[in-house]
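Biologist: Before I plan bench work, please take me through this model.

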Amino acid sequence: MITDQGEYTTNFVEIMDSPLVIQDKDLSFPAGNPGYCQVDVTIYNNEDESHATTALVQLVDSNGDLLYSGGDDSDPTSNYLGGSVSQTIASGGTEILSVDIFVGAQQSEIDGYVIQVSSNDSGFTSRLEKTDTDVVTASESNGALITYRSSDTSYVSPKSRFYTSSWQSQSILSDAGDAVRIVRSDFNTKYDNRDQAVSAVLDSNGILYAYNFDGTWWTKTEIDDIWSTAENIRPFDIEYEEDSGYPLIAYSNKDWEVGQAQVFVKRFDGTTWDSEASLTISGAGKVKYVKLVAKPDSVDNTIAMLVIDENNDAYVALWSESGSSSWGSSHKITDATYTTPDYLYERGDLAWQYDSSILYAAVTVRTTADPVGKWIIVKNYNESTSTWSYDQQWNVAPAGIRQIRNFDNRFLMLRSHRDLSSNQLALLLLDSGNDVWVTGYIQQDSGEYWWVNPVKIDGGVNSGIKRCIDLDWAPQGEELWVFAGDGAESKLSYKVFEILYGTFSEVGSLGRNVWYTYTYTSTMVKDWVQVRAVPYIGTTEFFVTTLDANTAGGEYDLWVTSVPAGVTIENDPSFTSFLVTEGATTPGLSTYESFDVAWTRYSP
């Protein structure tokens, strides 16, 4: 055990002469492993023989004292906040030893770490370093961001609020060219830049803007002209590259060559938005819908993109920044028999499995003989073999296609269970009959994964043309939460599912059309519902944002409801709600998701 930790230093402290040289080290909080920090220690063996090497990492506070799990220092040999990993390093070899440490709510206490490297097959003891991590406190760091449309001052100026321990005052951003229509937001993936964020805003004139927040100020950049005539579409998206910490905007603009669908890309390098390689899909029509999903903890900055074109065909392509920024070849998900009914809704989604890193694509489709989108196509992509396959467990003929009753499935949501050892997925459907269906790719007792039979959980939510329902997995455990605007109900409705015997089991066994409800000040029905799970383990599990419709035909209100960790699942639970703005939009523009919430990857 280390007894003399010394002063903070950027240099190594020699305990005894050692052939093992620490060449580099890095502390991060992986988004794909909430509640954990990871320390990577790069070690070089400068001797002509191999060494069985152990890297021990111990976390310290601002005083340089060791941290202990649960704050208990009664047994420092076993309860310290840290971990170790061992690996044999060949003669002249270099290895990265990665130590994963569960920190939970103690993340904010971490102010440094100690590395001890030793070998059990030689006479030397260790080489020691103590490194400042520059962790900030909650008062200095933002936890979440909401960017939104509001009538306050003008619909033309986007508004934003940051969340630390509570929602902060509203900021009014520089005017777009016309009224704000659609918003997408995201936080930087890099720990050192964790307060940086970007909001992409599409205005009613079809001009796409990027608003960059550098931790202090917002800066507006005009990206491109999206359309000549306004449509009910979202032909853009934004996502940060996992490893570089650079945001990517992918979009379709109004200038395109007939027979050549093009998706353009701009990437922010910390200073400017640079044009990158565009994607051309031969034979496709103009792109009308874009969805980006980054591969968790990707070292080559892989981002998957789903597009739906004006011919109602769906394609997927992969962006990679390894070596050079480029798109791989696109893959067509739909075919001559099965196409999407239209491009006006969110008819497709993507999700990466966290353990296998296999990409899943799911799209609602129709046949040439039956124009109603009552079928689902599910395909998966294996990067190691570069192959796309129909999901054979989606097991009706033809393979990979399944019918979900007789209504048009308009909104499809696919969510990964964010645990590095899990491959579980959840899929939620909202159809034109205002029906809601849930299914999932769930691990069985045998260890295999199977799609469970779809279950209808409601036959009459508020809307089939606005996404009045959303879902996500809780940050820890295996609870799946579904939130909805249920019919004419002014309360926020929710259901919770656990995994039991290889399928979803509803907490409380409420059954179809029955929900737990939460009452807050709003007396309006919920036209839009957005669920954002916290990407780390803390005191809050979800923010649920709702666009609440004034039934008298007036302006809409925007609310955010906070769901605390460990809350009792019941009617009127211990949630809290915050009125973001009155006059969020008007009835004629409520068709668009004019707001977006993003969580930082790191606990403040």
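Modeller: pLDDT is the predictor's confidence in each residue, from 0 to 100. This is a predicted model, in which local features need pLDDT of at least 70, side-chain atom pairs count only at pLDDT 80 or more, and totals for chains, interfaces and linings use all residues. Residues are numbered from 1 along each chain as its sequence is written, and side-chain values use heavy atoms, leaving out hydrogens and water.

Biologist: What is the mean pLDDT of the protein?

Modeller: 86% of the residues reach 70 or more. The mean pLDDT is 83.

Biologist: Over which residues does pLDDT stay under 50, with 39 contacts beyond four places in sequence?

Modeller: Where pLDDT is low, the predicted coordinates should not be read in detail. A contact means heavy atoms within 4.5 Å. One stretch under 50 is residues 122–130, with 53 contacts beyond four places in sequence. The stretch with 39 such contacts is residues 1–16.

Biologist: How many strands does the protein have?

Modeller: Helices (H or I, at least four residues) and strands (E, at least two) are DSSP runs, numbered from the N terminus. The protein has 0 helices, and its strands number 46.

Biologist: Which strand gives the largest share of the largest nonpolar core?

Modeller: A nonpolar core is a set of buried (under 20% relative accessible area, 1.4 Å probe, protein chains only) Ala, Val, Leu, Ile, Met, Phe, Trp, Tyr and Cys residues joined through side-chain atoms within 4.5 Å. The largest has 39 residues, and L208, I249, Y251, L350 and L359 have the most contacts inside it. Its largest share, 4 residues, comes from residues 359–367, strand β28.

Terms used. Buried means under 20% relative accessible area, exposed over 50%, partly exposed in between (1.4 Å probe, protein chains only).
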